[in-house]
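Subject: Structure handover, with notes on pockets, cavities and rings

Hello,

Here is the structure I promised to pass on. Please load it before you read the notes.

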Amino acid sequence: MEIVHSEGTNIGYSDQGDGEVVVLLHGFCGSAQYWEKVAPLLSGSYRVIAPDLRGHGTSDAPKGAYTIDQMADDILALLDALEIPKVTLLGHSLGGYITLSFAERYGSRLRGFGLIHSTGYPDSEEAKEKRLKSVSTIQNQGITAFVDDLVPGLFSPDTQGRSPQLLVRTKEIGYKTPPQGAVGAAMAMRERPDRRDVISATELPVLLLAGAEDLLIPAERTFTSDQANITQATIPGAGHMSLFEAPDRLSEIILEFLGTSVGK
């Protein structure tokens, strides 16, 4: 992992391959390692950069609440430091919320963008209460207990029974999340605005991808627009973690999107 600086915060990232740049943003309590099965499949054709988001992995985890805009600004600082003018930005879950913030404010830096198991909707009041419960669990029981409870629900029931090693690997990654980083990111998600209009208003190519068995963000919350510039895709059998559940199929969909929509 390499390091850049954003607002006094160190942001770690991986960088592999050559060509046009694709930036992959991971989900909550993940890291760039969430993309360990996907990035190698993309890097044969593209330069693939996968940062550790603020509060996660090798990046700094300042105390206090973060904002989604602040986390998007970290990505802008990364691109500026690497002198990369334009990228395709793809975000998984929390990474998707950051992607929409980036697209809304820095659209001129994008060739296209995508949401992978993510949504433009804000948190409901019920979801906001769950965020506070998550914060309480992390603060009182620790990150290990929180991740142990979080991870099974990220996967489809079939994956849970057939491939338990994927849950083990996801937990291993999650355990490395600094508790204050998980708290800061949870509060950022709680306060994020409705950004469905970013999807419907953009003229950029957009990929919206859902897992058919995703219990956290069902397809109808991902597919909020069906305009001509938008590619919709569903992965059968996948829950919220096609990055691990179906990396080959996910990579095929991304490569097709990059080649046919972004590459026009």
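The notes below cover empty space first, then aromatic and charge contacts, then one proline.

Please keep in mind that this is a predicted model.

**Largest pocket**

The largest pocket holds about 890 Å³ of space. Which elements give two or more residues to its lining? They are α4 (125-141) and α5 (143-150). Helix α4 gives the most, with 7 residues. In total, 32 residues line this pocket. Nearest its centre lie Ala 127, Lys 130, Arg 131, Leu 150 and Leu 216. The lining of the largest pocket is mixed in class: 15 residues are nonpolar, 9 polar and 8 charged.

**Cavities**

Searching the whole structure gives 2 cavities of 30 Å³ or more.

The largest cavity has about 50 Å³ of space. Its lining is made up of Ile 68, Tyr 97, Leu 100, Thr 119, Gly 120, Tyr 121, Arg 192, Pro 193 and Arg 195. Of these residues, 5 are nonpolar, 2 polar and 2 charged.

The second largest cavity has about 40 Å³. Around this cavity are Glu 20, Val 21, Val 22, Tyr 46, Thr 88, Leu 258 and Val 262. Two elements give two or more residues each to that lining: β3 (21-25) and α12 (247-262). By class, the lining of the second largest cavity splits into 5 nonpolar, 1 polar and 1 charged.

**Aromatic pairs**

The model has 3 aromatic pairs. Two of them are worth a look on screen.

Take Phe 28 and Phe 146 to begin with. Why does this pair count as edge-to-face? The ring planes of Phe 28 and Phe 146 meet at 70°, and the cut-off for edge-to-face is over 60 degrees. The ring centres are 5.9 Å apart. Phe 28 sits in the loop between β3 and α1 (39-42), while Phe 146 belongs to helix α5, so the pair ties together parts 118 residues apart in sequence. Are these two rings buried or exposed? Phe 28 has 11% relative accessibility, so it counts as buried. Phe 146 is also buried, at 7%. The cut-off for buried is under 20%.

Now Phe 102 and Tyr 106. This pair is edge-to-face too, with 5.2 Å from centre to centre and 65° between the planes. Both residues lie in helix α3 (residues 94-106). They are 4 residues apart there, which means a separation of about one helical turn. Phe 102 is buried, at 0% relative accessibility.

**Charges over rings**

Where does the charged end of Arg 54 sit? It is over the ring of Tyr 66, 6.0 Å from the ring centre. Arg 221 lies over the face of Tyr 121, at 4.2 Å from the centre of that ring. Tyr 121 has come up already, as one of the residues lining the largest cavity.

**Pro 218**

Pro 218 lies in the loop between β7 (206-211) and α10 (219-222). Its relative accessibility is 22%, so Pro 218 counts as partly exposed. How far apart are Pro 218 and Ser 118 in space? The C-alpha to C-alpha distance is 8.9 Å, across 100 residues of sequence.

**Where to look**

For the pocket, start at α4, which gives the most residues to its lining. For the cavities, pick out Tyr 97 among the residues around the largest one, and Tyr 46 among those around the second largest. For the rings, go to Phe 28 and Phe 146.

Best wishes

Key
Residues numbered from 1 in each chain as written. Predicted model: local features only at pLDDT ≥ 70, side-chain atom pairs only at ≥ 80, totals over all residues. Heavy atoms only, no water. 1 Å grid on protein atoms, 1.4 Å probe; cavity = no way out; pocket = protein on both sides within 12 Å on 5 of 7 lines; lining within 4 Å. Points joined across faces, edges and corners; volume = space filled by probe spheres on them. Nonpolar A, V, L, I, M, F, W, Y, C, P; charged D, E, K, R; others polar. Phe/Tyr/Trp six-rings, centres within 6.5 Å; stacked < 30°, edge-to-face > 60°. Buried < 20%, exposed > 50% of the residue type's maximum accessible area, 1.4 Å probe, protein only. Lys NZ or Arg CZ within 6 Å of the ring centre and 35° of its normal.
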